[in-house]
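These notebook entries record what I looked up on how two parts of one chain meet. The sequence and structure come before the entries.

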Amino acid sequence: MQLELSPEDAEFRDRVREVFTTKVPQEIRDTVLEGRHLTRDQIVESQRALNAEGLAVPHWPVEWGGQDWTDLQRHLWHEEMQRAGVPIPLAFNASMIGPVLAQFGTEEQKQRFLPPTANLDIWWSQGFSEPDAGSDLASLRTAAVRDGDDWVVNGQKTWTTLGQYGDWIFTLVRTDPEVKKQAGISMLLIDMTTPGVEVRPIELIDGGHEVNEVWFSDVRVPGDLLVGEPGGGWTIAKFLLGNERVGVAPVGATKRALATLKTTAGDLMDDPLVRARVAELENELLALELTALRVVAHSSDGAPHPASSVLKLRGTVLQQAVSELALDLAGPASLAARAEDDSPQEGWARRTAPTYLNLRKASIYGGSNEIQRQIISRTILGL
Amino acid sequence: MDFTYDDEQQALREAVRGLLKDAYGDHEARRQAVATDDGFDRALWGRLAEMGVLGLPFSEDDGGVGAGPVEIGIVCQELGRVLAPEPYLASVVHAGGLVAAVGSREQKADLLGRLSAGEVQLAAADTSPGGRWASRADGVRASVDGDTWTLDGVADPVVGGATADVLVVTAALPGDGAGTGVFVVDAAAVTRTGYAAADLTRAASVTFEASAATPLGEPGRDLTDSIATISDLTRIMGANQALGVMQSQVRATTDYLKSRKQFGVTLNTFQALTFRAADMYVELELAHSMVDWATMTIAGGDREVVADAADRVGLATARAGRHIGQEAIQLHGGIGMTAEYAVGVGTAHLEVLDQWLGNAHHHLTRLSSRVTDHELVEAV
Ligand SMILES: Cc1cc2nc3c(=O)[nH]c(=O)nc-3n(C[C@H](O)[C@H](O)[C@H](O)COP(=O)(O)OP(=O)(O)OC[C@H]3O[C@@H](n4cnc5c(N)ncnc54)[C@H](O)[C@@H]3O)c2cc1C
């Protein structure tokens with residue numbers, strides 16, 4: 001047991017910190033640090049800057065742009081990135097479909113998709129959830145039927161995050177309705193400009209347009225865009241969702257948000273109750289960060305440690321708790337959420353209510369927190 | 001940065017666990033031990049001495065083993081697992097720690113050598129009735145006449161005080177603002193009233209009346225900072241002990257949910273219960289990380305870092321202890337309420353540790369006072 005970073009790891013940390021703060025435009029980082037919305041172009045620009053430095057997809061296999069780092073180095077990369085206000089590389093590309101294709105894709109699929117996926121030349125969307133298939137994802141109904149070499153897809157996906165920017169969508173579809181529900185699922189990659197694909201916006205409680213419905217009517221998909229084997233989609237989905245769970249505990253970003261809040265809070269920081277809430281949250285975030293480090297140290301062969309459910313569960317709760325504190329500190333100023341830009345209320349305070357509302361999503365997606373409890377009680381505790 | 005135990009540490013854990021399993025693997029044995037006059041098992045204390053466990057923190061020059069904080073933490077975790085009533089924290093970690101921190105060479109060699117060998121038991125008297133975790137003494141006052149020091153006042157609770165041979169007492173030095181000194185007092189020469197705490201471990205009320213005392217280290221020197229540091233170290237080791245308790249409680253609770261039947265099925269059929277067990281596990285893992293981290297900070301030797309770590313781990317384990325301790329009883333139902341069953345006694349033990357060493361309120365107050373001194377809390 002030893003606390004200090006080794007000299008190599010300390011040097012590593014300094015190096016990535018340097019890249020993050022010099023290669024990603026200040027304007028983009030300020031946008032993140034102040035909790036404002038990023039444009040599509042900013043997300044793309046930032047990921048390309050990282051990719052040019054080999055820092056966009058370090059967890060991929062080395063031959064596809066990954067880095068031969070230790071788990072600790074990956075953790076440092078992730079934390080330093082959030083700390084510097086660098087947007088995390090688009091999860092659909094970097095954490096989801098990239099590792100899936102690297103693991104399950106054909107050589108042709110890898111060559112075709114992995115480089116542009118790392119560089120965000122292709123923007124991927126995740127087409128898993130359906131109106132009647134949420135936590136029980138395996139009950140999905142969007143159907144793909146063989147027609148010659150092609151698949152013809154009909155059905156509806158929903159909650160598709162940033163689908164309005166999507167170039168391609170990786171979907172789970174039912175290719176065999178006769179077998180046990182998990183066994184009839186396959187993964188298809190679909191070009192979103194294909195005729196028959198329609199994206200419809202959903203407005204969320206914060207007023208934002210972040211998710212969409214995606215409809216498929218007789219969409220023709222070439223057979224070489226199926227990943228793995230027909231019927232192998234569920235295995236791939238489990239692999240992908242396991243990676244997702246690890247990625248969704250935004251420890252560094254939440255720490256950063258709390259640090260910023262201490263500054264914006266001004267005189268309110270003299271209130272002993274506010275100080276106590278901040279101190280308590282800081283302590284809980286420390287426990288979470290340390291747990292991330294401890295869990296990372298025990299994960300083998302890249303498979304998520306079952307305790308990563310702990311990170312998802314507590315990470316999202318703390319992310320939400322910080323947003324609640326921000327809202328309470330903003331007080332009446334938070335009513336000006338949708339006021340014009342020249343509102344006399346401060347920008348940070350005006351953003352608190354939408355942010356608070358928006359972050360309720362965190363305990364729903366990525367496997368809801370109830371599903372995480374299920375994983376813990378079954379897989380870890382054997383209940 | 002490394003959270004894994006090496007082979008020697010692992011071996012130490014297994015050895016201590018084996019010994020404690022023989023002693024208290026059955027909770028009934030613990031019940032019998034706390035029912036004796038001493039409130040613990042002297043034979044076991046002797047075996048801990050033979051194993052070198054009592055001398056772990058002390059240098060070889062002082063008759064100890066010279067092990068590090070991680071090793072001491074391992075012992076405390078194992079003691080916690082079986083709710084061992086032996087006064088290890090009080091005698092070795094706290095009182096022994098004070099002697100090691102402020103005693104002269106001769107005092108250390110004498111007291112710590114005999115403590116390590118199991119020949120004497122120490123207890124730290126640092127709290128006055130109504131006192132709350134202060135390193136500055138106010139209940140006991142020291143007086144000096146020529147070279148002769150005496151103490152007056154009351155210390156309470158003195159954990160392990162009734163069975164101790166030697167008391168290590170913090171006392172206000174003569175003169176305004178002179179600070180606090182640390183004294184050694186022959187326990188047989190003062191009035192002691194022993195009692196049991198809620199978990200049936202023992203403490204005492206000790207009255208000093210012109211009691212002869214020997215200053216530890218240089219006479220008359222203000223030792224407030226050292227006293228605070230040793231309290232911080234003890235807090236961190238207490239958190240290790242609490243971790244052991246909580247680990248046992250989570251295991252006992254999940255085992256119980258799998259075996260206890262109601263409505264014709266085992267209780268783990270009910271998601272309302274398994275989810276609560278999952279939440280206990282979450283608290284346990286987070287507290288575990290804090291305990292390992294706080295223990296590792298000690299090796300760095302920076303007393304402010306250790307003080308901060310003590311507050312952080314104190315808060316974290318106190319919160320986790322409330323959650324886990326209460327849920328462990330609730331999920332057991334009536335059996336969790338019985339003295340016969342370890343789970344509820346563990347909850348009592350967690351409370352005793354926290355109220356003795358520093359509860360959540362105390363640590364949060366201290367953390368709150370420093371919250372604007374830093375931008376972010378650095379883990380590494
Ligand atoms: C903002 C946002 C963005 C999203 N982005 C995407 C995306 O890009 N792509 C995509 O495919 N999906 C996306 N999702 C969908 C997300 O994965 C689902 O919302 C999630 O799986 C939960 O499904 P559901 O909403 O149908 O809720 P349900 O599954 O109907 O759950 C309702 C409630 O019941 C609980 N529950 C369900 N099953 C159990 C059980 N067995 N035991 C106990 N409790 C249970 C749930 O936790 C929840 O509290 C997004 C969702 C949101 C809110």
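How many residue pairs are in polar contact across the interface of domain 1 of chain B and domain 3 of chain B? I worked from a predicted model, and I found three such pairs, with both residues at pLDDT 80 or more. I then looked up which elements of domain 1 of chain B touch domain 3 of chain B: α2 (27-35), α4 (69-81) and α5 (88-102) of chain B each supply at least two residues of that side. The largest share comes from α4(B), with nine residues. Sorted by class, this side of domain 1 of chain B holds 12 nonpolar, six polar and three charged residues.

Entry on salt bridges. I looked for salt bridges between domain 1 of chain B and domain 3 of chain B, and the count is zero.

Entry on layout. I noted that chain B is divided into domain 1 (7-120), domain 2 (123-222) and domain 3 (225-369). I also looked up the spacing: the C-alpha centres of domain 1 and domain 3 of chain B lie 21 Å apart. To their contact, domain 1 of chain B gives 21 residues and domain 3 of chain B gives 30 residues.

Entry on buried area. I recorded that domain 1 and domain 3 of chain B bury about 2000 Å² between them, and that 68% of this area is on carbon and sulfur atoms. I then asked which three residues of domain 1 of chain B supply more of its buried area against domain 3 of chain B than any other three. They are Gln77(B), Arg81(B) and Leu89(B), which supply 28% of that area.

Conventions
Residues numbered from 1 in each chain as written. Chains lettered and ligands numbered in written order. Predicted model: local features only at pLDDT ≥ 70, side-chain atom pairs only at ≥ 80, totals over all residues. Heavy atoms only, no water. Domains from an automatic or database assignment. Contact = heavy atoms within 4.5 Å. Buried area = accessible area lost by both parts, 1.4 Å probe. Salt bridge = Lys/Arg side-chain N within 4 Å of Asp/Glu carboxyl O. Polar contact = N/O pair within 3.5 Å; in protein donor to acceptor, adjacent residues only side chain to side chain. Helix = DSSP H or I, 4+ residues; strand = E, 2+ residues; numbered from the N terminus. Nonpolar A, V, L, I, M, F, W, Y, C, P; charged D, E, K, R; others polar.
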